[in-house]
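Open the model in your viewer and keep the sequence panel visible. We will move from the whole chain to single residues.

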Amino acid sequence: MEFKTFVFYILAAIMVFAALRVITARNPVQAALFLVLTFFNAGGIWLLLEAEFLAITLVMVYVGAVMVLFLFVVMMLDINLDRIREGFWSYLPVGALVGILLLVEMVMVLGGSYFGLDAMPVPPAAGEGFSNTRELGRVLYTDYVYPFELASMVLLVAMVAAVTLTLRKRKGIKTQKPSEQVAVKREDRVELLRMQAEKED
């Protein structure tokens with residue numbers, strides 16, 4: 001077995017384990033951290049495929065920005081896990097049916113002749129001066145410019161929605177109003193009292 005193949009199987013095994021922990025972890029923060037581990041291993045697989053730009057983008061954008069935002073939202077929302085688990089058994093049959101269908105579809109696709117060397121031969125080696133970043137940018141901003149812009153709008157709406165969820169009002173939480181703090185005067189905060197002096201016996 002080649003060293004590259006060995007590294008691929010190690011990264012793939014860790015990524016599958018982390019992906020399973022994402023959906024089985026009870027704590028949402030732990031699930032998000034396992035998703036970070038999944039992204040890191042996916043980036044390693046991209047490096048093995050000589051797609052350095054995609055690997056760096058996956059780590060910087062998803063791990064460095066999206067997952068940090070997701071963790072921020074999860075910790076700020078104060079999710080009630082007991083309330084979420086109340087309807088678990090009622091949705092279990094539907095979830096199991098969907099999971100079995102997905103598993104059957106994956107077996108049919110991966111077990112067929114779609115991913116063999118005959119259907120997907122090894123691509124030729126890149127020539128001198130080849131840049132996958134330049135080629136990816138050319139394809140994104142020419143052939144797929146409209147889907148790319150649509151995806152950016154979807155991400156923008158998701159970020160605005162996440163910020164809106166964190167700004168909701170809750171009972172029992174004191175908030176500050178900067179406009180009222182700036183407009184305050186000395187007479188509103190300071191009160192001078194006159195007291196008679198007392199002599200000790």
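The stops below run from the overall fold to a helix pair, a core and a loop.

**Whole chain**

Start with a cartoon view. This is a predicted model. The chain holds nine helices and zero strands. Follow the sequence from start to end and the pattern reads α-α-α-α-α-α-α-α-α. Now colour by accessibility. Of the 201 residues in the chain, 13% are buried. How do the contacts spread along the sequence? Among contacts with a separation of 6 or more, 59% join residues 24 or more positions apart.

**Helices α1 and α2**

Select residues 3–24, which form helix α1. Add residues 28–48, which form α2. Packed helices are described by the angle and the distance between their axes. Here the axes come within 8 Å and cross at roughly 160 degrees. An angle over 145 degrees counts as roughly antiparallel, so α1 and α2 are roughly antiparallel to each other. Their crossing is left-handed.

Next, show the side chains where these two helices meet. On the α1 side, pick residues including Lys4, Val7, Phe8, Leu11, Met15 and Val22. On the α2 side, pick residues including Gln30, Phe34, Leu35, Asn41, Ile45 and Leu48. What kinds of residue make up the contact of α1 with α2? They divide into 17 nonpolar, four polar and two charged.

**Two residues in α1**

Click on Lys4, in helix α1. Is Lys4 buried, partly exposed or exposed? Its relative accessibility is 43%, so Lys4 counts as partly exposed. Draw a distance from the C-alpha of Lys4 to that of Leu49. The two residues are 45 apart in sequence, yet 10.0 Å apart in space.

Move along to Leu20, also in helix α1. Leu20 is partly exposed, with a relative accessible area of 49%. Draw another C-alpha distance, this time to Leu35. It reads 9.4 Å, across 15 residues of sequence.

**The largest nonpolar core**

Hide the contact and select a new set: Ala32, Val36, Phe39, Ala42, Leu58, Val63, Met67 and Leu71. These eight residues form the largest nonpolar core. Which elements give two or more residues to this core? They are α2 (28–48) and α3 (52–77). Nonpolar side chains tend to be buried together in soluble globular proteins.

Zoom in on Val36, found in helix α2. At 14% relative accessibility, under the 20% cut-off, Val36 counts as buried. Setting aside neighbours within four places in sequence, Val36 is in contact with Val63 and Met67. Both partners belong to the core you have selected. Then draw a C-alpha distance from Val36 to Val68. These residues lie 32 apart along the chain, and their C-alpha atoms are separated by 9.5 Å.

Now centre on Leu58, another core residue. Which residues does Leu58 touch, leaving aside its neighbours within four places in sequence? Leu58 is in contact with Phe39, Ala42, Gly43, Trp46 and Val63. Of these, Phe39, Ala42 and Val63 are listed in the core.

**The loop after α2**

Finish at Glu50, in the loop between α2 and α3. Is Glu50 buried or exposed? With a relative accessible area of 55%, Glu50 is exposed. Check its backbone angles too. Most residues other than glycine have a negative phi. Glu50 is not a glycine, but its phi is positive, at about 65 degrees.

Note on methods
Residues are numbered from 1 along each chain as its sequence is written. This is a predicted model: local features need pLDDT of at least 70, side-chain atom pairs count only at pLDDT 80 or more; totals for chains, interfaces and linings use all residues. Side-chain values use heavy atoms; hydrogens and water are left out. A nonpolar core is a set of buried Ala, Val, Leu, Ile, Met, Phe, Trp, Tyr and Cys residues joined through side-chain atoms within 4.5 Å. Buried means under 20% relative accessible area, exposed over 50%, partly exposed in between (1.4 Å probe, protein chains only). Helices (H or I, at least four residues) and strands (E, at least two) are DSSP runs, numbered from the N terminus. Contact means heavy atoms within 4.5 Å. Axes are lines fitted to C-alpha atoms, for helices over the stretch in contact, and angles run from 0 to 180 degrees between N-to-C directions. Angles under 35 degrees count as roughly parallel, over 145 as roughly antiparallel, 65 to 115 as roughly perpendicular and the rest as oblique. A crossing is left-handed if the near helix is turned anticlockwise from the far one by less than a right angle, and right-handed if clockwise. Ala, Val, Leu, Ile, Met, Phe, Trp, Tyr, Cys and Pro count as nonpolar, Asp, Glu, Lys and Arg as charged, and the others, Gly among them, as polar.
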